Amino acid sequence: MANLVAAYLLIVILVSGYTLSLWRRERLLQKEIETLEGARGSEEG
Amino acid sequence: MKEKREFWEKRGYVGATRALGLGAGAVLLIALFLALFWAPSARDAQTGAIVGPYHRIIYFHVPSAWVAFLAFFVVFLASILYLWKRTRIWDILALSSAEIGVLFATLVLLTGPIWAKAAWGIWWTWDARLTTTLILWLIYVAYLMLRAYAQEGSQGATFAAVLGVVGFLDVPIIFLSVEWWRTQHPELVVIKGGGLAPEMVRTLMIALLSFTLLYFYLLMLRIRVEGLKERLSWLKESLRSP
């Protein structure tokens with residue numbers, strides 16, 4: 001039973017860790033883009 | 001500088017990615033339930049005795065291998081298209097798929113030894129299938145290292161594309177290794193049945209579907225992240241030189 005739990009836990013940890021890192025990267029990039037687009041808009045305005 | 005919005009920035013793409021993620025999550029939960037509670041216990045081929053619950057690792061070990069092979073096949077195709085057309089999207093697709101492929105190949109190499117220890121009494125053996133799978137993992141880790149250390153706009157993408165094509169040659173070798181050599185690894189259970197009960201085959205199929213959906217979800221998300229990175233550098237450039 002311990003080996004089954006260990007295998008399933010490893011899958012959950014690695015897959016959810018990777019997915020969370022992608023969500024975080026997406027959010028940070030989106031935020032930075034919005035800031036720069038705002039700066040660009042005020043420069044043009 | 002002309003502003004250009006790519007498909008990964010469109011609302012439809014983001015919505016489709018989220019819908020795919022929700023679908024993959026739902027099918028994964030169903031697969032997990034079936035693997036733990038619905039699929040019957042496996043029996044030893046020789047003695048007929050019920051084996052321990054470790055055999056349920058197969059329901060996510062096999063789909064991990066399938067997704068890794070699918071991901072590396074996408075790298076192979078996208079790399080050929082990049083070398084031929086030199087269009088950036090094929091390079092982004094290859095890079096994104098390689099990263100996901102390495103994740104799932106890592107899962108194969110971690111869950112395999114856990115299963116092996118319970119079934120064979122050893123963590124690892126230099127058997128043909130295990131060794132060629134480790135080689136595949138090393139090839140694509142090298143691919144990601146090449147992408148990480150090569151400078152932007154350099155020949156890194158071209159070198160990586162060549163590695164993406166050549167590296168895929170290991171996949172058919174892994175697939176056929178159980179036929180070509182006497183190995184300790186079981187045969188192709190999905191194709192040949194391998195004496196699995198119909199409920200076990202159905203559970204495995206649902207698990208394969210759930211991981212395939214998960215692969216496409218992660219791929220769409222990873223492509224969007226790469227696209228956003230490009231947009232950010234374009235914006236920084238346009239602010240520097242208006």
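The paragraphs below lead through a predicted model of two chains, A and B, from its overall make-up to single residues.

The model scores ipTM 0.91 and pTM 0.90. For chain B the mean pLDDT is 87, and 90% of its residues reach 70 or more. Within chain B, confidence is highest in helix α2(B), at a mean of 95, and lowest in helix α7 (residues 189–192), where the mean is 52, a contrast to be kept in mind when reading that part of the chain.

Chain B contains 8 helices and 0 strands, so that its order along the sequence, by the definition of these elements, reads α-α-α-α-α-α-α-α. Along the principal axes, the C-alpha trace of chain B spans about 75 × 35 × 25 Å. Of the 242 residues in chain B, 37% are buried, and among its contacts with a separation of 6 or more, 77% join residues that lie 24 or more positions apart. Chain A, by its counts, has 1 helix and 0 strands, and its C-alpha atoms fill a box of roughly 65 × 5 × 5 Å along the principal axes. Buried residues make up 9% of the 45 residues in chain A.

The two chains meet through 22 residues of chain A, which are in contact with 26 residues of chain B. On the side of chain A that touches chain B, the residues divide into 14 nonpolar, 3 polar and 5 charged. Chain A also enters the largest nonpolar core, which has 65 residues: the elements giving two or more residues to this core are α1 (2–44) of chain A together with α1 (11–38), α2, α3, α4, α5 and α8 (198–240) of chain B. The element that gives the most is α2(B), with 15 residues. The members of the core that touch the most other members are Ala68(B), Ala71(B), Val75(B), Ala94(B), Phe104(B) and Tyr215(B).

Ala71(B) offers a way into this core, and its place is in helix α2 of chain B. Ala71(B) is buried because 24 other C-beta atoms lie within 10 Å, where 20 or more are needed for a residue to count as buried. Leaving aside neighbours within four places in sequence, Ala71(B) is in contact with Ser97(B), Ile100(B), Gly101(B), Phe104(B) and Tyr215(B). Two of these partners, Phe104(B) and Tyr215(B), were named above among the core members that touch the most others. In the case of Ser97(B), a separation of 26 residues in sequence goes with a distance of 5.2 Å in space, C-alpha to C-alpha.

Two other helices of chain B show how buried residues are placed and covered. Helix α1(B) has 28 residues and reaches 39 Å from its first C-alpha to its last, close to the 40 Å expected at 1.5 Å a residue. Its buried residues are Thr17(B), Ala24(B), Leu28(B), Ala31(B), Leu34(B) and Ala35(B), and what covers the buried residues of α1(B) includes α2 and α8 of chain B. Helix α5 (residues 156–167) of chain B has 12 residues and reaches 16 Å between its first and last C-alpha, close to the 16 Å expected at 1.5 Å a residue. In α5(B), the residues Ala157(B), Ala160(B), Ala161(B), Leu163(B), Gly164(B) and Gly167(B) are buried. These residues lie on the same side of α5(B), because they cover an arc of only 165 degrees around the axis. The cover over them includes α2 (58–85), α3 (88–119), α4 (128–149) and α6 (170–180) of chain B.

Which residues of chain B stand in contrast to these buried ones? Lys236(B), found in helix α8 of chain B, is exposed, because there are 12 other C-beta atoms within 10 Å. Lys236(B) and Ala19(B) are 217 residues apart in sequence and 32 Å apart in space, C-alpha to C-alpha. Arg86(B), in the loop between α2 and α3 of chain B, likewise counts as exposed, with 12 C-beta neighbours inside 10 Å. The backbone at Arg86(B) deserves a separate look, since most residues other than glycine have a negative phi. Arg86(B) has a positive phi of about 60 degrees although it is not a glycine.

Technical notes
Residues are numbered from 1 along each chain as its sequence is written. Chains are lettered from A and ligands numbered from 1 in the order in which they are written. This is a predicted model: local features need pLDDT of at least 70, side-chain atom pairs count only at pLDDT 80 or more; totals for chains, interfaces and linings use all residues. Helices (H or I, at least four residues) and strands (E, at least two) are DSSP runs, numbered from the N terminus. The expected span of a helix is 1.5 Å times one less than its number of residues. The arc is that of the directions from the helix axis to the C-beta atoms. Two residues are in contact if their C-beta atoms, placed from the backbone, lie within 7 Å. Ala, Val, Leu, Ile, Met, Phe, Trp, Tyr, Cys and Pro count as nonpolar, Asp, Glu, Lys and Arg as charged, and the others, Gly among them, as polar. A nonpolar core is a set of buried Ala, Val, Leu, Ile, Met, Phe, Trp, Tyr and Cys residues joined through C-beta atoms within 7 Å. pLDDT is the predictor's confidence in each residue, from 0 to 100.
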